[in-house]
Every structure is written in structure tokens, then in C-alpha cells.
Amino acid sequence: MDVTPLIPAGRQIIETYGDGRFRIANVLHPGSVLVFPARTLMWDVTEMAGVTSQSLGAVIDAAKMGEVDLLLIGCGARMAMVPGDLRAALRADGIVIEPMDTGAAARTFNVLMAEGRRVAAALIAV
């Protein structure tokens with residue numbers, strides 16, 4: 001699926017997803033990823049059980065530097081609930097989370113990033 005809106009210069013978009021990979025800013029990324037407006041990191045998570053404060057350390061660090069205040073969690077093929085303790089821990093670091101299926105999270109990231117929001121996405125590959 002192509003999810004390419006108009007994006008300001010210097011920001012990356014999630015162009016496609018599926019088949020266990022993502023194409024972001026013309027770079028193919030196999031597996032799950034953490035996506036920020038200006039960078040993408042490989043993310044060693046394959047299911048919601050792996051989404052923890054520790055696995056989201058790069059997002060927490062970015063929030064502490066004022067770069068992120070909203071995290072979209074792409075839960076895979078279907079939306080899943082985020083444990084209350086993880087939600088509370090991220091909220092304590094100033095991060096609001098929105099879980100949704102990975103496709104919705106990819107599309108939403110592009111829209112919010114284009115609006116200039118301080119958003120990141122943790123996307124489990126589908």
C-alpha cells in the first residue's frame with residue numbers, strides 16, 4: 001500500500017509496508033522499526049509482548065529531549081491493548097500512546113508528522 005502524502009523537506013515518510021518490511025524515505029527496512037520524523041531505527045520486536053519500556057528506550061530518550069510527545073504503536077495485523085503499567089510509565093515520561101494496527105499507525109504517522117506534530121511510531125512488521 002502506498003501511504004505517501006505531501007511531506008515537508010527534511011522529514012521522512014513511511015511509503016509502503018507489508019511482507020515483513022517497510023519502505024521509509026526510499027530505504028527498505030526489513031522487520032519492525034521505530035520511526036521518527038528524521039530517522040528510523042530497527043526494532044527487535046515481533047509481537048505486542050515485546051513492547052516494553054526497555055524496547056521503547058529510544059522513544060523515551062527522544063521524549064526527554066523534547067522531540068516526541070505522541071507515540072503510535074503499530075500492533076501488527078490487529079490493534080491490541082497496551083498494558084496499563086506500560087501506558088502509565090510512558091505517560092510519566094510525557095508520552096501519550098495510541099495503539100492501532102500497523103497499517104493505520106503508518107498512515108497516521110505520515111499525517112501527524114506532516115502537520116509538524118512531535119510524533120514517533122513503533123511499528124511491528126506485518
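A residue counts as buried when its relative accessible area is under 20%. The exercises below apply this cut-off and others to a predicted model.

**Exercise 1. Decide whether Pro-99 is buried or exposed, and find what surrounds Pro-99.**

Solution.
- Step 1. Place the residue: Pro-99 belongs to strand S7.
- Step 2. Apply the cut-off: the relative accessible area of Pro-99 is 16%, so Pro-99 is buried.
- Step 3. List the surroundings. Beyond its neighbours within four places in sequence, Pro-99 is in contact with Ile-73, Cys-75, Met-79, Ala-80, Val-82 and Arg-87.
- Step 4. Take one of these partners, Ile-73. Between Pro-99 and Ile-73 there are 4.6 Å from C-alpha to C-alpha, although they stand 26 residues apart in sequence.

**Exercise 2. Describe the open sheet: what is the order of its strands, and which strands are at the edges?**

Solution.
- Step 1. Read the order: five strands run S5-S4-S8-S6-S7, and their pairing is mixed.
- Step 2. Find the edges. S5 and S7 (96-100) each pair on one side only, which makes them the edge strands.
- Step 3. Add the twist, which averages 15 degrees from one strand to the next.
- Step 4. Look at one pair. S4 (residues 33-36) is antiparallel to S5, with four bridges between them. In this pair Val-33 is opposite Met-42 of S5.
- Step 5. Add the helix that packs on the sheet: H1 (residues 57-64) touches S4, S5 and strand S6 (70-74). The direction of H1 makes about 20 degrees with that of S4.

**Exercise 3. Work out how the buried residues of H1 are arranged around its axis.**

Solution.
- Step 1. Name the buried residues of H1: Val-59, Ile-60, Ala-62 and Ala-63.
- Step 2. Look down the axis. The buried residues of H1 fall within an arc of 160 degrees, so they line one face of the helix.
- Step 3. Identify the cover, which includes S4, S5, S6 and helix H2 (84-92).
- Step 4. Continue past the end of the helix: just after H1 comes Gly-66, with a positive phi of about 80 degrees.

**Exercise 4. Follow H3 from start to end and find what covers its buried residues.**

Solution.
- Step 1. Begin at the start of H3, where a side-chain oxygen of Asp-101 comes within 3.1 Å of the backbone nitrogen of Gly-103.
- Step 2. Check the length. H3 (residues 102-114) holds 13 residues and spans 18 Å from first to last C-alpha, close to the 18 Å expected at 1.5 Å a residue.
- Step 3. Pick out buried residues of H3, among them Ala-104, Ala-105, Phe-109, Leu-112 and Met-113. Met-113 has 0% relative accessibility, so Met-113 counts as buried.
- Step 4. Name the cover of the buried residues, which includes strand S1 (14-18), strand S2 (21-24), S4, S6, S7 and strand S8 (119-123).
- Step 5. Relate Met-113 to Val-35: 78 residues lie along the chain from one to the other, and their C-alpha atoms are 11 Å apart.
- Step 6. Pass the end: H3 is followed by Gly-116, whose phi is positive, near 85 degrees.

**Exercise 5. Find which side chain makes a polar contact with that of Thr-40, and whether Thr-40 is buried or exposed.**

Solution.
- Step 1. Locate Thr-40 in strand S5 (residues 39-42).
- Step 2. Apply the cut-off: at a relative accessible area of 17%, Thr-40 is buried.
- Step 3. Find the partner. The side chains of Thr-40 and Gln-12 share a polar contact of 2.7 Å.
- Step 4. Widen the view. Leaving aside neighbours within four places in sequence, the contacts of Thr-40 include Gln-12, Ile-24, His-29 and Val-33.

Conventions. Residues numbered from 1 in each chain as written. Predicted model: local features only at pLDDT ≥ 70, side-chain atom pairs only at ≥ 80, totals over all residues. Heavy atoms only, no water. Helix = DSSP H or I, 4+ residues; strand = E, 2+ residues; numbered from the N terminus. Buried < 20%, exposed > 50% of the residue type's maximum accessible area, 1.4 Å probe, protein only. Polar contact = N/O pair within 3.5 Å; in protein donor to acceptor, adjacent residues only side chain to side chain. Contact = heavy atoms within 4.5 Å. Pairing = 2+ DSSP bridges. Axes fitted to C-alpha atoms, helices over the stretch in contact; angles between N-to-C directions. Expected span 1.5 Å × (residues − 1). Arc of directions from axis to C-beta.
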